[in-house]
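The following dialogue shows how a few features of a protein model may be read. Please examine the sequence and the coordinates first.

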Amino acid sequence: MKHDQQKDISVIIPAFNAAASLGDLVRTLLSEQAVNMEVIVVDDGSTDETWAVLSAITDERLITLRQENQGVYAARNAALAVHSGEWVVFLDADDQIAVDFLQKRVRTAREAQADVVIFNGWHVSSTGERRHPVHRKQPYGQMFTGHEWIRRCVNQKEWPHYLWLQIVRSAYIRENNLRFQQGKSHKDILWTVQLATGNGRFYFADRKDYFYISNPASITHRQDYYDIRATSYIDLIAEILVLSAQPQHHTVRRSLVRHALVETRHFLGLYRRKVDNPQALKTQFRQRISLYQLLPGVSGLSDVFFFLKLVRKIYLPARR
């Protein structure tokens, strides 16, 4: 695909059976005239009218790709492979955004001379009520290196990994050879960790330009999805531990392992209460992750108690 000039920004949207919401989002983005944009939508094997909705929008700034169903992370990778913007924003097909969303993000990122800007958003009820900000403890108005941000997030116990909070410089993505790992869940967390371990310039803006609407019918709350989520946690924890062991990350090794321990708490919560096949998950966890790897993440009494619980539930033989 050829591009005459570099765009200011590429908006990447994976879409699967999103006919009900996608048109409104795309039209909202395209209504902005002050930004030289491209909106890349990847139809990930939809079986509804998603492709018809896209085909009805006749704006040359909209780029549409179509693939067999491979999941949102594969769809994002397909868009990354063809994008031409100076900056990249990742949205989901049912997202709602503030007025002048792109213009203000690009202006903030350029003025800060950042590689990544982390914005804020609102948690919104299904009836449209704004409940609370997505995060509260970030260093608003300040610039940190990625490694400084890792340490701060772990110490503050708040690491906002949501893709839709980010605007990322394309050159930074290329320099660090960043791509999404394919899988069902939690790869946005891994992307954000890898974004930070690249140790670029991170700026933080408290502009709440995104509205996160809680959806009780989401796939993540389905009973048959809990085992998939638990397996994804195992992948995530193992990958964070691999990153922590790399020599270039030695100054944040302990912080990364502490973060892996936090994700292990999430895994154990699912394992103890909601999964259908605990024995298979226990075996998989033990094969991928050793206690020795997690031990440097223990940093307080609460971690000690959790570590002992993990040993009892996962690593000790079951009582007969």
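The turns below take up a strand, its neighbours, a pair of helices and two backbone angles.

Q: What kind of model is this, and how are its residues numbered?
A: The model is predicted; local features need pLDDT of at least 70, side-chain atom pairs count only at pLDDT 80 or more, and totals for chains, interfaces and linings use all residues. Residues are numbered from 1 along each chain as its sequence is written, and side-chain values use heavy atoms, with hydrogens and water left out.

Q: How many residues of strand S2 are buried?
A: Strands (E, at least two residues) and helices (H or I, at least four) are DSSP runs numbered from the N terminus. Buried means under 20% relative accessible area, exposed over 50%, and partly exposed in between (1.4 Å probe, protein chains only). In S2 (residues 37-44), eight of the eight residues are buried, so the strand is largely enclosed by the rest of the structure.

Q: Which side chains of S2 point which way?
A: In a regular strand the side chains alternate between the two faces of the sheet. Here Met-37, Val-39, Val-41 and Asp-43 point one way, while Glu-38, Ile-40, Val-42 and Asp-44 point the other.

Q: Which strands pair with S2?
A: Two strands pair if DSSP finds at least two bridges between them. Strand S1 (residues 7-15) is parallel to S2 over seven bridges, with Ser-10 opposite Glu-38. The chain passes from S1 through helix H1 (residues 19-30) to S2 in a right-handed β-α-β crossover (with the strands pointing away from the viewer, the path from the first strand over the helix to the second runs clockwise). Strand S3 (residues 62-67) also runs parallel to S2, joined by six bridges, and Val-42 stands opposite Leu-65 in S3.

Q: Are helices H8 and H10 roughly parallel or roughly antiparallel?
A: Angles run from 0 to 180 degrees between N-to-C directions of axes fitted to C-alpha atoms, for helices over the stretch in contact; under 35 degrees counts as roughly parallel, over 145 as roughly antiparallel, 65 to 115 as roughly perpendicular and the rest as oblique. The axes of H8 (residues 226-244) and H10 (residues 278-288) come within 10 Å and cross at roughly 10 degrees; the two are therefore roughly parallel.

Q: Where do Asn-17 and His-186 lie, and what is the sign of phi in each?
A: Most residues other than glycine have a negative phi. Asn-17, in the loop between S1 and H1, has a positive phi of about 50 degrees. His-186, in the loop between H6 (170-175) and H7 (187-197), has a positive phi of about 70 degrees. Asn-17 is partly exposed at 32% relative accessibility, whereas His-186 is buried at 10%.
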